[in-house]
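Work through the exercises below with the sequence and the 3D structure at hand, and try each task before reading its solution.

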Amino acid sequence: MEYNDQIRNRLKRIEGQLRGVLRMIEEDKDCKDVITQLSASRSAIDRTIGLIVSTNLVHCMKEEKNSNGKDSETLIKEAVELLVKSR
């Protein structure tokens, strides 16, 4: 699977958020503010995981079968399992 610029940009934004959280911790910011930023980072990571899984699923579905010869139902099941595992 190729990872497009949209995914890379999301990950760079998350990286910036996490650097910001580290800075907040170093500056002894209020724990509520730190938790708020960590929650935002976690949400961004979850959305990025969903985007990667869905993009991969669409790619595999267009090909109908991947190199292992898996059918569409199996590909969908694997995608759902990836999403569940990510939680």
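**Exercise 1. Find how many salt bridges the chain has, and name the partners in each.**

Solution. In this predicted model, the count comes to three salt bridges. To find them, look for a side-chain nitrogen of Lys or Arg within 4 Å of a carboxyl oxygen of Asp or Glu. Side chains of opposite charge can pair when their charged atoms come close.

- One pair is Asp-5 with Arg-8, whose closest N and O atoms are 3.2 Å apart.
- Another joins Arg-19 to Glu-15, with 3.3 Å between the closest N and O atoms.
- A further pair is Lys-29 with Glu-27, where the N to O distance is 3.9 Å.

**Exercise 2. Work out where the partners Asp-5 and Arg-8 lie, and do the same for Arg-19 and Glu-15.**

Solution. Begin with Asp-5 and Arg-8, which both belong to helix 1 (residues 5-26) and stand three residues apart, or about one turn of the helix. Then turn to Arg-19 and Glu-15, which also both lie in helix 1, four residues apart, again about one turn of the helix.

**Exercise 3. Decide whether Asp-5 is buried, partly exposed or exposed, and then classify Arg-8, Lys-29 and Glu-27.**

Solution. The cut-offs are under 20% relative accessible area for buried and over 50% for exposed, with partly exposed in between. Asp-5 has a relative accessible area of 52%, so Asp-5 is exposed. Its partner Arg-8 has 41% and is therefore partly exposed. In the pair of Lys-29 and Glu-27, Lys-29 reaches 43% and is partly exposed, and Glu-27, at 47% relative accessibility, is partly exposed as well.

**Exercise 4. Name the residues that make a nonpolar surface patch of about 240 Å², and place Ile-35 within the chain.**

Solution. The patch is made by Leu-18, Ile-35 and Leu-38. Of these residues, Ile-35 is found in helix 2, which covers residues 31-63. Because its relative accessibility is 49%, Ile-35 counts as partly exposed.

**Exercise 5. Describe the chain as a whole: which elements does it have, and what percentage of its residues is buried?**

Solution. Start with the elements, which are three helices and zero strands, running α-α-α from the N terminus on. Next consider burial: of the 87 residues in the chain, 17% are buried. Turn then to the accessible surface, which comes to about 6,700 Å², with 53% of it belonging to carbon and sulfur atoms. Finally, among contacts between residues at least 6 apart in sequence, 51% join residues at least 24 apart.

Technical notes
Residues numbered from 1 in each chain as written. Predicted model: local features only at pLDDT ≥ 70, side-chain atom pairs only at ≥ 80, totals over all residues. Heavy atoms only, no water. Helix = DSSP H or I, 4+ residues; strand = E, 2+ residues; numbered from the N terminus. Buried < 20%, exposed > 50% of the residue type's maximum accessible area, 1.4 Å probe, protein only. Contact = heavy atoms within 4.5 Å. Areas by Shrake-Rupley, 256 points an atom, 1.4 Å probe, with all protein chains shown as cover. Patch = residues over 30% accessible without salt bridge, like charges linked within 9 Å, V, L, I, M, F, W, Y side chains within 5 Å.
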